[in-house]
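Subject: Handing over a structure, with notes

Dear colleague,

I am passing this structure on to you, and below it you will find my notes on what turned up when I went through it. Please read them with the structure open beside you.

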Amino acid sequence: MGKHLATAIKAAIGIAIVSFLVYKIGAQDVYDIVKSTSPLAFFIIAIGYLLNALLNSASFYLILSSLGVHSGYRGIFLSFIKSWGIGSVLPGKVGDLSVVYFLKKEGIDAKYSSAMYVIDKMAVLLFFVIIAMITAWILLPVNAVYILAVFLLAAVVGFLLFIRFGKAIIREVFGKYAHYIESFHTNIRLVTKKPLLILILFIISSLRWLVLSFSMWLLLSMANEHVSFIYVFLFSVTANILALLPVTVSGIGLKEAAFVYLYGLVGATTSIVLAVSIVYSIITIVLALIAVLFAWEEVISTRRKK
């Protein structure tokens, strides 16, 4: 009950932020733009997420292969789709970790899939921070660049310390249960010794966000707001960093506020940006719920067999 209440509160916070933005910018203007959105927008966003899923599943496949785990790409892809759906409707992307559960059903041990998940997230986070620093350097005050630089440095130092002293930390924190965690640490350390793999994961992250940004750019163009694609790419990545914060459901409200601010810096019409962002978020939630129903059906089927 407590978790459901927390999710409801976070959903309410997101809706409240969006409602405030709509009120400040002009409810009628935003409504008219949302209403006039072509049904084609649904298919544009769906195709974008499909390509994103294919690319992210490729990352998972490569990481698992580097750990000596050989599994079918199809099973990894379906597991990602289901976990993405859950992660998109739960606050702070915590539902993404459900991929460990679904991959276990594909015969992949949790010590490998959890290491895979962490390695992928670290590559994505590094990509996010670098893009955010580029955005800040181009458009934001110097102080913002310094803050991001300190954040990146702290993340890198923390990661290096974990790699170097991870086993000692694990033994100190988990005591007699440490042996369950040590193999997880060993797997992460193994991958860090493969710089080519890290580079490939970074490239895949770039391709994923180029695809998603292209979807956003098409929707803005369809609404007669012509913004340079490079800005759409930079803003999409930077704003989605906020989706990692467990404040609202899937970052809704926080992303819209970031979009309005960032696009405003390059002279875009805020009503169009907000309307397109709302449409994008609504369609994302619809697609995520379809994925959740698919995942839930599998969970129920498994329980019945038991």
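In the protein chain, 72% of the contacts with a separation of 6 or more are made by residues 24 or more positions apart. Please keep in mind that this is a predicted model, and that the protein chain averages a pLDDT of 80, with 75% of the residues scoring at least 70. Confidence is highest in helix H3 (residues 40–66), at a mean of 93, and lowest in helix H7 (residues 142–174), where the mean is 59. Over residues 173–178 the pLDDT is below 50, and beyond near neighbours in sequence this stretch has four contacts in the model.

As to the overall make-up, the protein chain has twelve helices and zero strands, and of its 306 residues 44% count as buried. The largest nonpolar core has 67 residues, and those with the most contacts inside it are Met116, Met216, Leu219, Leu220 and Tyr263. Helix H12 (residues 270–305) gives the most to this core, with 13 residues. As a general background to this, nonpolar side chains in soluble globular proteins tend to be buried together.

Two of those core residues can be followed further. Tyr263, when residues up to four places away in sequence are not counted, touches Met216, Leu220, Val227, Val232, Phe235, Ala268 and Val273. Met116, which is found in helix H6, has a relative accessible area of 0% and is therefore buried. Leaving aside neighbours within four places in sequence, Met116 is in contact with Phe60, Ile63, Leu64, Val99 and Leu103. Met116 and Leu62 are 54 residues apart in sequence, while their C-alpha atoms are 9.2 Å apart in space.

Helix H6 (residues 110–139) also holds Ser113, and three further notes on this helix may help you to find your way along it. Ser113 counts as buried because its relative accessibility is 0%, and, with neighbours within four places in sequence left aside, Ser113 is in contact with Leu64, Val100, Leu103 and Ile108. Leu64 and Leu103 are thus among the contacts of Ser113 and also among those of Met116.

Ala123 lies in helix H6 as well, and this residue is buried, with a relative accessible area of 10%. Residues up to four places away not being counted, Ala123 touches Leu201, Phe202 and Ser205, and the C-alpha atoms of Ala123 and Leu199, which are 76 residues apart along the chain, are separated by 8.9 Å.

Leu139 too has its place in helix H6, but at 24% relative accessibility Leu139 counts as partly exposed, because buried would require a value under 20%. Apart from neighbours within four places in sequence, the residues in contact with Leu139 are Tyr231, Phe235, Leu265 and Val266. Of these, Val266 is 127 residues away from Leu139 along the chain, and the C-alpha atoms of the two are separated by 8.7 Å.

How do helix H10 and helix H11 cross, right-handed or left-handed? The crossing of H10 and H11 is right-handed, and the axes of helix H10 (residues 229–240) and helix H11 (residues 254–265) come within 9 Å of each other, crossing at roughly 145°. On the H10 side the contact involves Val232, Phe235, Ser236, Thr238, Ala239 and Asn240, which meet Lys255, Ala258, Phe259, Leu262 and Tyr263 in H11. Sorted by class, the residues in this contact of H10 with H11 are seven nonpolar, three polar and one charged. Phe235 appears in this contact, and is also one of the residues that Leu139 touches.

One last point concerns the backbone. Most residues other than glycine have a negative phi. Asn224, although not a glycine, has a positive phi of about 65°. Asn224 has its place in the loop between helix H9 (195–222) and H10, and at 62% relative accessibility Asn224 counts as exposed, because the value is over 50%.

With best wishes

Conventions: Residues numbered from 1 in each chain as written. Heavy atoms only, no water. pLDDT = per-residue confidence, 0-100. Helix = DSSP H or I, 4+ residues; strand = E, 2+ residues; numbered from the N terminus. Contact = heavy atoms within 4.5 Å. Axes fitted to C-alpha atoms, helices over the stretch in contact; angles between N-to-C directions. Left-handed = near helix turned anticlockwise from the far one by under 90°. Nonpolar A, V, L, I, M, F, W, Y, C, P; charged D, E, K, R; others polar. Core = buried A, V, L, I, M, F, W, Y, C linked by side-chain atoms within 4.5 Å. Buried < 20%, exposed > 50% of the residue type's maximum accessible area, 1.4 Å probe, protein only.
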